[in-house]
Amino acid sequence: MILVTGGAGYIGSHVNKQLHLQGYETLIYDNLIYGHRESVKWGMLEIGDLADEKRLEEVFTKYPIDAVMHFAAFAYVGESVREPAKYYKNNICNTIHLLEAMRRHHVNILVFSSSCATYGEPEQLPITEDMPQHPINPYGRTKWMAEQMFEDYKNAYGLQYCCLRYFNAAGADPDGEIGESHLPETHLIPLVLEAAAGIRDHVSIFGTDYPTQDGTCIRDYIHVTDLADAHIRALEYLKSGGQSLCLNLGNEKGCSVAQVIDTVKQVTGREFTVRKAAARPGDPPALVGSAKKAQEVLGWKPEHGDLRMIVEHAWRWQQEKTF
């Protein structure tokens, strides 16, 4: 049985579906603060918080857990700057609670949803795994610190882990069963789709004079189903005896904010108000990750990398979502 922490959330729920399709038995552990009960359409759900060590012990005692996939993190960069304590308590302290429960019950396989935010502002692109990690915000630092903990647990207790670093998860389940639903919503593609749907009266472009082809930021968008595939490949890699490591996931090509907005207009056939706003402090002109190592180690490459396909799937979900 695979324990998926944060499995009622955006990425975790898509991983849960793919695990189910591949014949895995899954257990979702989620406090439902940001996750949605309606997203747990496969496997079993245990409601609980990683801060509750007694509840964790109950769950590990009750179920025959073989491996853990860990998605239960707070992930709003701006909020992490305003409220770092919240992020260190949840993303670090609660991860220690999880690791200790795993250790007590002799579960030594962990797939971790990390972030390319651990690199900070890279000196060159695309980002490769051997580049220095200098996170520039508390969120990125919590992901970096978690990675360091896993290495120490590996050396001391035999933990086997795979950390997957990526930037912008995007899109929705191609079958339309689950998708992206955040409150508050901060991701570009759903924000633009909400403008197209009339839910928002406008969408803002933060910065239009970057040294890019159209002056707007370039980011690396990965379809959430491709991310799910990578996580399951990482799980199988570890289960077959693979060595602990960290891997980047990316399309190796970025899309600008202007390109995303144009693609949404093409897919939806709708016009909406676009406003120019000042660039946000700390926003680099471009962030793109290399996935060469992931392809070599896991045999992974994005199958849904086309921006139009990502937007089409997200738009279908936007029109049909029930939560």
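Is Glu194 buried or exposed? Let's start there. Glu194 is buried, because its relative accessible area is 11%, and the cut-off for buried is under 20%. One reminder before I go on. This is a predicted model.

So what does Glu194 pair with? Glu194 forms a salt bridge with Arg200. The closest N and O atoms of that pair are 2.6 Å apart. Arg200 has a relative accessibility of 33%, so Arg200 counts as partly exposed. A buried acid, then, and a partly exposed partner.

Glu194 falls within helix H6, which runs over residues 188-196. Let's stay with that helix. H6 packs against helix H8, residues 257-268. The two axes are 10 Å apart. The angle is about 40°. H6 and H8 are therefore oblique to each other. The crossing of H6 past H8 is right-handed.

Which residues meet there? On the H6 side, look for Leu188, Ile189, Val192, Leu193 and Ala196. On the H8 side, look for Val257, Val260, Ile261, Val264 and Thr268. The make-up of this contact is nine nonpolar residues, one polar and no charged.

Now look just before H8. Strand S12 covers residues 255-256. Ser256 sits in that strand. With 2% relative accessible area, Ser256 is buried. What touches Ser256, once neighbours within four places in sequence are left aside? Four residues do: Asp214, Thr216, Cys217 and Ile218.

Next, a second helix pair. Helix H2 covers residues 53-62 and helix H4 covers residues 84-104. Their axes come within 10 Å. They cross at roughly 35°. H2 passes H4 in a right-handed crossing. H2 brings Glu53, Leu56, Glu57 and Phe60 to the contact. H4 brings His97, Leu98, Ala101, Met102 and Arg104. By type, that contact holds five nonpolar residues, one polar and three charged. Put the two pairs side by side. H6 with H8 has no charged residues in its contact. H2 with H4 has three.

Two residues from that contact deserve a closer look. Arg104 and Glu57 meet through their side chains in a salt bridge, 2.9 Å from N to O. Where are the two partners in the chain? Arg104 is in H4, and Glu57 is in H2. They are 47 residues apart, so to speak of distant parts of the chain being linked is fair. How open are they? Arg104 has 42% relative accessibility and so counts as partly exposed. Glu57 has 25%, so Glu57 is partly exposed too.

Compare a salt bridge inside one helix. Lys154 and Glu151 join side chain to side chain, at 3.2 Å from N to O. Both belong to helix H5, residues 138-157. They are three residues apart, about one turn of the helix. Lys154 counts as partly exposed, at 25% relative accessibility. Glu151 counts as partly exposed as well, at 27%.

How many salt bridges does the count come to? The count comes to 15. Some are joined up. Lys17, Asp173, Asp175 and Glu177 form a linked network of salt bridges.

Last topic: the backbone. Here is the background. Most residues other than glycine have a negative phi, and most peptide bonds are trans. Keep that in mind for three places.

Place one is a peptide bond. From Leu125 to Pro126 the bond is cis, and omega is near -5°. Pro126 lies in the loop between strand S5, 109-113, and H5.

Place two is Leu32. Leu32 is not a glycine, yet its phi is positive, about 65°. Find Leu32 in the loop between strand S2, 26-30, and strand S3, 44-47. Its relative accessible area is 23%, so Leu32 is partly exposed.

Place three is His106. His106 is not a glycine either, and its phi is positive, about 60°. His106 is in the loop between H4 and S5. At 73% relative accessibility, His106 counts as exposed, because the cut-off for that is over 50%.

Let me close where I began. Glu194 is buried, and its salt-bridge partner is Arg200. If you open the model, start with that pair. Then follow H6 across to H8, and H2 across to H4.

How values were computed: Residues are numbered from 1 along each chain as its sequence is written. This is a predicted model: local features need pLDDT of at least 70, side-chain atom pairs count only at pLDDT 80 or more; totals for chains, interfaces and linings use all residues. Side-chain values use heavy atoms; hydrogens and water are left out. Axes are lines fitted to C-alpha atoms, for helices over the stretch in contact, and angles run from 0 to 180 degrees between N-to-C directions. Helices (H or I, at least four residues) and strands (E, at least two) are DSSP runs, numbered from the N terminus. Angles under 35 degrees count as roughly parallel, over 145 as roughly antiparallel, 65 to 115 as roughly perpendicular and the rest as oblique. A crossing is left-handed if the near helix is turned anticlockwise from the far one by less than a right angle, and right-handed if clockwise. Contact means heavy atoms within 4.5 Å. Ala, Val, Leu, Ile, Met, Phe, Trp, Tyr, Cys and Pro count as nonpolar, Asp, Glu, Lys and Arg as charged, and the others, Gly among them, as polar. A salt bridge is a side-chain nitrogen of Lys or Arg within 4 Å of a carboxyl oxygen of Asp or Glu. Buried means under 20% relative accessible area, exposed over 50%, partly exposed in between (1.4 Å probe, protein chains only).
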